[in-house]
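Subject: Model handover

Hello,

Here is the model for your queue. Please open it first, then read the notes below.

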Amino acid sequence: MTQRKGEKTTISIQEHMAIDVCPGPIQPIKQISDYFPRYPRGLPPTAPLALSRTGSLRSTSTSQKSEGPATDPKQDEDDLDQAFGATALVASKKEEEPDVEGYDSDDSTTLGILDFSLLYDQENNALHCTINKAKGLKPMDHNGLSDPYVKLHLLPGASKANKLRTKTLRNTLNPVWSENLTYYGITDEDMVRKTLRISVCDEDKFRHNEFIGETRIPLKKLKPNQTKNFSNCLEKQLPIDKTDDKSLEERGRIMISLKYSSQKCGLVVGIIRCAHLAAMDANGFSDPYVKTYLKPDENKKSKHKTAVKKKTLNPEFNEEFFYEIKYADLSKKTLEVTVWDYDIGKSNDFIGGVSLGINANGERLKHWFDCLKNKDKKIERWHTLTNELPGSGYND
């Protein structure tokens, strides 16, 4: 291009971009993402070929360099880019080898870690659960955060009767609860066969709450009266075994005291408290009260009833009933205890029951025999309420 004296030099943008870049046609500038391609479902079928072709290109350019004219530097750069990109693809392929067919985002996303501690108080038949904190929870809301809370269930028999939960913390993926939740009426038998299920969920005001993750702890791993700390990774929701006998569905726990008074010549039955009763009302609670019978009851005069406790699943009664009976006749009797939900204007709902006597078994039979062997001594025991009680009518 000729330029007259005194004339200002003008260069087009195309010429400007081409200066000192490459001698040939203008090529688009590569972005860094070109060096790290993303393939969500494995490698494209041509990727291995690209690597082998790159190797041949490199060897060809090397031979040409020694035998003929110098190669195009832009071509060398393309070869390097292609080799680097193919190597990255092979590395990503190795990372995906555990699941060749690919996986959805939930599998590859960490659900979070939950810190908590458990203590079995053997003397008081209580399981203390301290929910400390969680970290790195999976975001569940559009703002990239969650509104997490923790709920507990005892398996088998997960239901509203044994559900406990923490408060909800808003807009966080690293919540700190520091809450103590307690199950009452936990026996040594429960510690052998029960599993504690701890779930973390996201609360939503206008739709169903969303499950984030869970962890399960077999209670047999705990030693009595020793606190055990846990820091567990949350897992996807596992199926619950529903093969349990529905006739033995747990409906809560009741603490009963028995004492035969030789001074009064009678049996003193104490209804102390209930825990984790099944919810029978639409508000998620019950209005429970307890009835007791000493059977066989020919004259139908053995019925006693506690006061009604409003809107609670963990009522405390602390009431005692007296049955005048000879000590020798106790071996022929059965104490039936039933828990009911009081309803106004309609029939009361049966919650659960338990029977103690010579025809019972397990802890119920042991409690009865301990009472017979230890006169004038009050013996307290927790018992599991079931939805069936042989020989007891359900009509209040």
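Which acidic side chain does Lys 366 meet in a salt bridge? The partner is Asp 370, at 3.3 Å, N to O. Bear in mind that this is a predicted model.

Both residues sit in helix α6 (residues 362-373). They are four residues apart, about one turn of the helix. Their surroundings differ in cover: Lys 366 is partly exposed, with a relative accessible area of 42%, while Asp 370 is buried at 10%, because buried means under 20%.

**Salt bridges across the chain**

The count comes to 16 salt bridges. Two further pairs deserve a look.

Asp 190 and Arg 253 meet at 2.6 Å, N to O. Asp 190 belongs to helix α5 (residues 188-193) and Arg 253 to strand β9, so this salt bridge ties together parts 63 residues apart in sequence. Both Asp 190 and Arg 253 are buried.

Glu 203 and Arg 165 form a salt bridge at 3.4 Å, N to O. This pair also links distant parts of the chain: Glu 203 is in the loop between β6 and β7, Arg 165 is in strand β4, and 38 residues separate them. Glu 203 counts as buried, at 18% relative accessibility. Arg 165 is partly exposed, at 34%. Both belong to a network of salt bridges that also includes Asp 147 and Arg 170.

**The sheet**

Strands β4 and β7 also appear in an open sheet of four strands. The order is β4-β3-β6-β7, with antiparallel pairing. The edges are β4 (164-165) and β7 (210-218); each has a single partner strand, so one side of each lacks a neighbour in the sheet. Strand β6 (residues 195-202) pairs with β7 over eight bridges, in the antiparallel sense. One bridge joins Asp 202 to Glu 210 in β7.

**Surface points**

What charge does the patch formed by Lys 220, Lys 221, Lys 223 and Lys 228 carry? The patch is positive, and it lies on the surface. Lys 221 is placed in the loop between β7 and β8 (228-233).

Gln 263 is in another loop, between β9 (250-261) and β10 (266-275). Is Gln 263 buried or exposed? Gln 263 counts as exposed, at 76% relative accessibility. The C-alpha atoms of Gln 263 and Lys 375 are 9.9 Å apart, although the two positions lie 112 residues apart along the chain count.

Best regards

Technical notes:
Residues numbered from 1 in each chain as written. Predicted model: local features only at pLDDT ≥ 70, side-chain atom pairs only at ≥ 80, totals over all residues. Heavy atoms only, no water. Pairing = 2+ DSSP bridges. Helix = DSSP H or I, 4+ residues; strand = E, 2+ residues; numbered from the N terminus. Patch = residues over 30% accessible without salt bridge, like charges linked within 9 Å, V, L, I, M, F, W, Y side chains within 5 Å. Areas by Shrake-Rupley, 256 points an atom, 1.4 Å probe, with all protein chains shown as cover. Salt bridge = Lys/Arg side-chain N within 4 Å of Asp/Glu carboxyl O. Lys, Arg positive; Asp, Glu negative; His and termini not counted. Charge placed at Lys NZ, Arg CZ, Asp CG, Glu CD. Buried < 20%, exposed > 50% of the residue type's maximum accessible area, 1.4 Å probe, protein only.
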